[in-house]
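Visitor: Please take a close look at a single part of this model, the place where two helices meet, and set it in context.

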Amino acid sequence: MLERMASYHFHQLVNKYRVSKRKKTIYWDDKLWLAARNHNVFMVQNLKHLSHSESKSKPYATGRYPEDRMEYVTYGSREFRFGGFENCAVSGGMVPGSMDLTVFHGETIDDLIDMAIDAAEVFFDIWKHSPGHNANMLEEDHLAHGTSIIFGEVSEYATSVFTQKQKYYAPDDLNVDFLGEQSDSFIQLFEENGQKHEDYSKGMNRIEFKLFISLTHQFKQREIEPDKGLYKLLKYIEEHYEDSHSIEKKYKKATKYAGIFKLMKYKINSLNHSELFNFEEFYSLAGMESIEQFIQNNLSHINHADGWAGKVKILETGDQFELKIEVFTLTEKKK
């Protein structure tokens, strides 16, 4: 639990740092975490000095170089590309064979959280002030990472592995099962923060997709299903922007008039929102809060909806970003 909490906190630190430097956030991957942890175990059990290489003749070796250790945890599937970017550090002296998984048994959860946060911040600060390690944390092309922090009898060890992914693989979610009853709230927070990896939909950039997933999450929480007819309406409006007819007439055209019967029972609600953000606000995903406020402002058309469709669009002008939200919902007509 202590190791995983420290890893989770480091993940938050590195993404906040990347945002402050105008870099995109990166995803967590459990397999990279395992590759990093394997190297930590090798160092704490065998070495007196930091090293990025391992000797096959020593116990706990999983690969000579970082890319070899990534291949080890993916069974040679070549899941990662452009890998091998690795940060290593130790806080305290290196004493071979000093790993002790029971050293903090009996500590309270609050004490463990404090230890995890302190350890993550120590290693983040070490790497931030080292040019090469700092460059790894900020590299523009990095998409995924895994960071392991382990606690020995006299020292703490950290290894962070950064890489890109091949297109047909998706980074893992950060596994928080170790938190027991608190897992659900952490998983929900992780998804709402846009850190859950999904393949981008055609026509969306990375941030638009994260915001769209956040919008989708709001409707999913309320058990409101997407409506195919309304999505056809969205597409029709985009392709026939010159059409000045009412929403209902556009809906009939978009659905080849099959929607006539639905309009006998339902009415279509058109909900729109637009907001400007500066660069820092935009890349810190302030749009998430904007979406939540949009939902709150339109609860009367959302909570009782029997279907929905929506899109998120970002318009960039210099250092300003305009977030546009367009949503349609179906609600029953009053009798």
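**The contact of helix 8 with helix 9**

Guide: Gly-229, Leu-230, Lys-232, Leu-233, Tyr-236 and Ile-237 in helix 8 meet Ile-247, Lys-250, Tyr-251, Lys-253 and Ala-254 in helix 9, where contact means heavy atoms within 4.5 Å. These residues comprise seven nonpolar, one polar and three charged; Ala, Val, Leu, Ile, Met, Phe, Trp, Tyr, Cys and Pro count as nonpolar, Asp, Glu, Lys and Arg as charged, and the others, Gly among them, as polar. The model is predicted, with local features requiring pLDDT of at least 70, side-chain atom pairs counting only at pLDDT 80 or more, and totals for chains, interfaces and linings using all residues. Residues are numbered from 1 along each chain as its sequence is written, and side-chain values use heavy atoms, with hydrogens and water left out.

Helix 8 spans residues 228-239 and helix 9 residues 247-254 (helices are DSSP runs of H or I, at least four residues, numbered from the N terminus). They pack at an angle of about 100°, with their axes 8 Å apart; axes are lines fitted to C-alpha atoms over the stretch in contact, and angles run from 0 to 180 degrees between N-to-C directions. Helix 8 is therefore roughly perpendicular to helix 9, a term for angles of 65 to 115 degrees.

Elsewhere, the axes of helix 1 (residues 2-20) and helix 5 (residues 131-138) come within 9 Å and cross at roughly 85°. That makes helix 1 roughly perpendicular to helix 5. Phe-10, Val-14, Tyr-17 and Arg-18 in helix 1 meet Asn-134, Met-137 and Leu-138 in helix 5.

Definitions and conventions:
Helix = DSSP H or I, 4+ residues; strand = E, 2+ residues; numbered from the N terminus. Parallel < 35°, antiparallel > 145°, perpendicular 65-115°, else oblique.
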